[in-house]
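Visitor: Please take one part of this structure and examine it closely for me. After that, I should be grateful for a connected account of some other places in the chain.

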Amino acid sequence: MAQPTFSTHLGMVDILPDEVGKWQTIERIVREEAKKFNFEEIRTPIMEQTELIARGVGQLTDIVSKEMFAFQRGDDHYVLRPECTAPVARAFVEHHLEQRGGTQNLYYIGPMFRAEKPQKGRQRQFHQFGAEIIGADAPAADVDIIALMMAIYERLGITNTTLKINSVGDPESRKNYTDALTDYFRPHLSQLSDISQKRFENNPLRILDSKEPEDQPFIEDAPVITDYLTEETSAHYEQVKELLTDLNISFEEDPHLVRGLDYYTRTAFELISPDLGAQDALGGGGRYDLLIEEVGGSPTPAVGFAAGIERLLIACEELDIELVEEEMLDVYIVTLGAKARRWALRHLPKLRSAGLSASMDYIGRSIKAQMKDADRENARHTIIVGENELNEGKFTLRNMKKSEEDTYTFDEILNRLAADVPEVHNSVT
């Protein structure tokens, strides 16, 4: 076999036809659950201004400092979006979506890009779905966004999960907590990992995100932010926990949970699954009341989540969750001769108009080869057409699953098959 001249970039993969059905099932379920929660889809460009991402995500985050695919054209600086919350915030401000009235309940599905080291469940082009409630500061919005995230995973049959929650406070809380962390980590600075030493200088809060083994003993004994929350922020966090309990959504408090993006305030949450191994996060999010103002809008509260589709596919594989039923072709027309192929080409539209999936042989292979192809395509029926059939006006209809056949006019075949059209060829309940 000849070696290919070109291949995909490192960390970017082709999603081939045998796998696409799984993706379509996930996307369909996300859309259906979002509709139940009264969310509308929003689609933003994959390319945004670099400054938007830097201001929205944070200059000192790993995403901005070393993971962006950024480039320049003339005086303009662009980036392939590494996440979608900042682009949604930009769209909200740019198009004055607040004028639509009420809260803006928005969801998205699409590719993101980060120039990090590829590993299982993490690619340089990866795919996320997520949702945002913009315009509500009540704890009920935090809980409803969590409920939507949980509903999607439960619909897919992924129940071996743990919801972790925390509050990362308001600016006053974070300042007091950051001062406490600085005082705590300073005597141990030389014992921390190189990355945590750099984070100490810029944002000590991010040390709590570290997965480096040498950092863990110090993280475990570090001060917790809930001891530094303002009265208002603490009350908000308590209400979130109460409402989650009302909805029978179990959770674990993780006082060291901090989201890796700078725009988060108050509620932070993460959904993990042991079925993913060391990289156990399925999705997460939180409240980002400062972001809309940061990207040029009026002060506007918001809360949202994002989840990785690649991680979700791994979890489904580990749990033997079948995302698609076996796909079947309704009709394959087997032809003998050029006249039969012309007849088939004229009659394919009639079959398809009746709601049937239909195909034929285009290149004049033998009947044996065509029947083998029909088997490969998992055809329910074949219609066999040759010169005798054309002269008589009757054609052999073969049920490929029962190995039964009989002859009928085309109209009779059409009526028989159309009456038995499956309502849904692919479904996951």
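Guide: The part chosen is a pair of strands, S15 and S16, in what is a predicted model. Strand S15 covers residues 395–399 and strand S16 covers residues 404–408, and five bridges join the two in an antiparallel arrangement. One facing pair can be named: Phe-395 of S15 stands opposite Tyr-408 in S16. The two strands make a hairpin, with four residues between them. Within that turn, Ser-403 has a positive phi of about 55°. Strands of a sheet pair through backbone hydrogen bonds, and the pairing may be parallel or antiparallel.

A positive phi also occurs elsewhere in the chain. At His-96, a residue other than glycine, phi is near 50°. His-96 belongs to the loop between helix H4 (85–94) and strand S5 (104–113). Its relative accessible area is 42%, so His-96 is partly exposed. Asp-320, again not a glycine, has a positive phi near 55°. This residue sits in the loop that runs from H11 to strand S12 (329–335). Asp-320 has a relative accessibility of 66% and therefore counts as exposed.

Antiparallel pairing is found in another place as well, where three strands form an open sheet in the order S2-S4-S3. Strand S2 (47–49) and strand S3 (69–73) are the edge strands; each has a single partner, so one side of each is left without a neighbour in the sheet. From one strand to the next, the twist averages 35°. S2 is joined by three bridges to strand S4, residues 76–80, and the two run antiparallel. Across this pairing, Gln-49 stands opposite Tyr-78 in S4. In a regular strand the side chains alternate between the two faces of the sheet.

The helix that precedes the loop of Asp-320, H11, also borders an open space. The second largest pocket holds about 500 Å³. Its lining has 21 residues, and those closest to the centre are Glu-19, Lys-22, Leu-313, Ile-314 and Glu-317. Helix H1 (17–36) and helix H11 (309–318) each supply at least two residues of this lining. H11 gives the most, with five residues. Sorted by class, the lining of the second largest pocket has ten nonpolar, nine charged and two polar residues.

Which class do the cysteines Cys-84 and Cys-316 fall into, buried or exposed? The cut-off for buried is under 20% relative accessible area. Cys-84 has a relative accessibility of 3%, so this residue counts as buried. Cys-316 has a relative accessibility of 1% and therefore also counts as buried. As for disulfides, the count in this model comes to zero. A disulfide is a covalent bond between the sulfur atoms of two cysteines.

Finally, one pair of residues gives a sense of separation in the model. Leu-243 lies in helix H9, which covers residues 231–246. With a relative accessible area of 29%, Leu-243 is partly exposed. Leu-243 and Asn-388 are 145 residues apart along the chain, and 73 Å separates their C-alpha atoms.

Definitions and conventions:
Residues are numbered from 1 along each chain as its sequence is written. This is a predicted model: local features need pLDDT of at least 70, side-chain atom pairs count only at pLDDT 80 or more; totals for chains, interfaces and linings use all residues. Side-chain values use heavy atoms; hydrogens and water are left out. Two strands pair if DSSP finds at least two bridges between them. Axes are lines fitted to C-alpha atoms, for helices over the stretch in contact, and angles run from 0 to 180 degrees between N-to-C directions. On a 1 Å grid over the protein atoms alone, a cavity is a set of points where a 1.4 Å probe fits but cannot get out, and a pocket is an open set with protein on both sides within 12 Å along at least five of seven lines; lining residues have an atom within 4 Å of a point. Grid points are joined across faces, edges and corners, and a volume is the space filled by probe spheres set on the points. Ala, Val, Leu, Ile, Met, Phe, Trp, Tyr, Cys and Pro count as nonpolar, Asp, Glu, Lys and Arg as charged, and the others, Gly among them, as polar. A disulfide is a pair of cysteine sulfur atoms within 2.5 Å. Buried means under 20% relative accessible area, exposed over 50%, partly exposed in between (1.4 Å probe, protein chains only).
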